[in-house]
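Welcome, and please open your viewer with a cartoon representation and the side chains ready to switch on. We will go from stop to stop, selecting as we go.

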Amino acid sequence: MSDAPHTPVLTDTADGLSADAFFDANPDIEMLEAFMVDVNGVLRGKRIPMTKALSAFKSGIRMPRSSFAVDIWGHDVLEAGLVTQTGDNDGVCRPVPGTLCRTPWMSVPTAQLMMTMQDADGKAFFADPRQVLKRVLGFFKREGLTPVVAVELEFYLMDSKRDERGFPQPPLSPRTGQRVQASQMFGLGEVEEFSTVLSDINRACVMQGIPADTTISENGPGQYEINLYHVPDALLAADHATMLKRVIKGCARKNGLDATFMAKPYGDRSGNGMHVHFSILDKDGNNIFAGSDYQGSDALRYAMGGLLSTMTESAAVFAPNFNSYRRFMPGSHAPTRIAWGYDNRTAALRVPESEIAATRIEHRVPGADANPYLAIAAMLAGAFHGIQGHMEPGEPLTGSVYESNARHLPDVWEDALEIFEQSGFVKHYFGEAYHKVYFACKWSEKDELERHVTSIEYDAYLRDL
């Protein structure tokens with residue numbers, strides 16, 4: 001989390017232009033891709049020819065409300081209640097300010113626009129994940145509080161061709177042509193090796209107004225992390241994370257590679273995390289987590305207490321699919337136990353060492369596969385819950401939390417979903433209607449996966465049993 005603030009953009013484009021001025025300044029644009037973010041964090045929308053782009057920007061586009069309640073394969077989830085029960089009617093998607101921009105990785109000159117859905121009466125649609133986060137932020141607003149949020153995203157660059165078994169594999173080195181196998185944490189050589197695609201990512205972030213900060217080589221072959229500057233607008237922080245994912249995937253394809261935010265693409269390598277740093281400002285702009293020293297304030301401890309007490313109820317949001325739970329392994333740089341500590345990366349919640357004014361919490365549980373809007377909503381709700389209830393977190397842990405007696409995070413997806421289903425905390429902060437949608441979509445995905453026999457089962461059992 002960088003200490004440099006980034007001011008939210010309230011105009012139509014990242015560089016302050018109106019939509020009319022943007023299209024006048026970019027006469028070569030042929031297509032507009034307008035998209036929203038579904039329950040899984042997947043982008044869904046329409047490609048609109050330039051002849052209709054400006055009217056779509058001004059009037060919005062119509063999309064089925066059920067588009068927000070599909071499984072990871074894009075199938076309708078009837079149990080979510082947004083398909084046959086409603087007649088599968090449409091909502092109107094309106095532009096998110098500041099998101100109209102060029103997509104430089106496309107072969108055809110293209111612009112993109114993030115959208116958010118409204119009902120026919122102009123009210124925000126409850127099943128849009130942006131609105132779930134906005135609902136949670138309403139609790140803070142009523143108390144005169146403002147969360148300041150930054151996201152760090154880990155991802156793998158991969159060969160666009162699968163191996164002989166059809167599995168993903170690390171990319172070929174542009175310099176040597178050899179398969180990348182080394183895991184060089186913070187290795188500058190690994191950053192230089194793929195400088196072309198990483199530079200394309202940086203240039204696209206500048207063009208799109210995404211406040212990208214540092215890029216580092218991570219602990220897997222072809223694995224990197226890009227950090228974003230913090231912003232005093234959690235919705236904007238989630239927008240930045242969503243747009244950064246799109247930039248990384250697009251620039252990777254432009255360079256003949258794939259990129260993935262899958263939590264555990266390689267079983268024997270580090271997983272991809274989404275670490276979220278946040279603090280909270282009072283109405284006068286003071287950081288309520290800052291105390292007289294590095295230990296922080298009472299508000300910091302209470303926020304920790306709330307986060308710890310609600311972590312199992314939120315686990316199905318932080319780890320949203322079957323593969324997510326493969327990431328939680330001891331020694332894997334991912335947390336496995338519900339604990340907090342000062343500058344302790346083995347803990348689920350960490351207070352990084354920093355200047356007192358920048359005192360903050362780093363939440364290390366979500367995978368990079370988590371929906372940024374929902375993950376940020378769940379953690380902010382947990383912190384607010386703790387602050388309001390003056391919830392004490394217990395003592396911070398030192399040393400390896402993996403070897404402590406702290407409670408385990410759920411390590412089975414079904415268990416996490418069952419805890420989520422019974423959670424009054426999630427129903428209160430997300431709203432009962434969205435609680436139902438999320439559970440229905442994820443339970444349907446679980447059921448579908450359980451119906452399929454995997455290749456490793458055939459290898460193990462088919463011949464000899």
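Before the first selection, a word on angles between helix axes: under 35 degrees counts as roughly parallel, over 145 as roughly antiparallel, 65 to 115 as roughly perpendicular, and the rest as oblique. The axes themselves are lines fitted to C-alpha atoms, for helices over the stretch in contact, with angles from 0 to 180 degrees between N-to-C directions. Helices (H or I, at least four residues) and strands (E, at least two) are DSSP runs, numbered from the N terminus.

What you have open is a predicted model, in which local features need pLDDT of at least 70 and side-chain atom pairs count only at pLDDT 80 or more, while totals for chains, interfaces and linings use all residues. Residues are numbered from 1 along each chain as its sequence is written, and side-chain values use heavy atoms, with hydrogens and water left out.

**Stop 1: helices 8 and 9**

Select residues 311–318, which form helix 8. Eight of the eight residues in this helix are buried, where buried means under 20% relative accessible area, exposed over 50%, and partly exposed in between (1.4 Å probe, protein chains only). Among them are M311, E313 and F318.

Now add helix 9, residues 372–389. The axes of helix 8 and helix 9 come within 9 Å and cross at roughly 170°. Helix 8 and helix 9 are therefore roughly antiparallel to each other. Show side chains for S314, V317 and F318 in helix 8, which meet L374, A375, A378 and M379 in helix 9; contact here means heavy atoms within 4.5 Å. By class, this contact of helix 8 with helix 9 has six nonpolar residues, one polar and no charged. In that scheme Ala, Val, Leu, Ile, Met, Phe, Trp, Tyr, Cys and Pro count as nonpolar, Asp, Glu, Lys and Arg as charged, and the others, Gly among them, as polar.

**Stop 2: helices 10 and 12**

Step into the loop between helix 9 and helix 10 and pick H390. H390 has a positive phi of about 50° although it is not a glycine, and at 52% relative accessibility this residue counts as exposed.

Next, select helix 10 (residues 413–421) together with helix 12 (residues 432–450), whose axes come within 10 Å and cross at roughly 160°. That makes helix 10 roughly antiparallel to helix 12. Which residues of helix 10 meet helix 12? Display W413, E414, L417, E418, F420 and E421 in helix 10; their partners in helix 12 include H435, Y438, W443 and L449. The contact of helix 10 with helix 12 divides into seven nonpolar, one polar and seven charged residues.

**Stop 3: the strands around strand 6**

Hide the helices and select strand 6, residues 110–118, where eight of the nine residues are buried. Strands count as paired if DSSP finds at least two bridges between them. Strand 1 (residues 31–37) runs parallel to strand 6, joined by five bridges; look for F35, whose bridge partner in strand 6 is M114.

Strand 4 pairs with strand 6 in the antiparallel sense over four bridges, and V92 stands opposite Q118 in strand 6. Strand 5 (residues 101–102) also pairs with strand 6 in the antiparallel sense, over two bridges, with C101 bridged to Q112.

From strand 4 (residues 90–95), move across to strand 3, an antiparallel neighbour joined by four bridges. The bridge partner of M63 is G91 in strand 4. Turn strand 3 (residues 61–64) on its side: I61 and M63 point to one face and are buried, while R62 and P64 point to the other and are not.

**Stop 4: three single residues**

Start with C251 in helix 6 (residues 234–254). Is C251 buried or exposed? C251 is buried, with a relative accessible area of 2%. Not counting residues up to four places away in sequence, C251 touches W105, V197, D200, I201 and A204.

Then pick G273, in the loop between strand 10 (257–260) and strand 11 (274–281). G273 is buried, at 0% relative accessible area. Leaving aside neighbours within four places in sequence, the contacts of G273 include E152, R327 and P366.

Finish at D343, in the loop between strand 12 (340–342) and strand 13 (349–351). D343 has a positive phi of about 50° without being a glycine, and counts as partly exposed at 34% relative accessibility.
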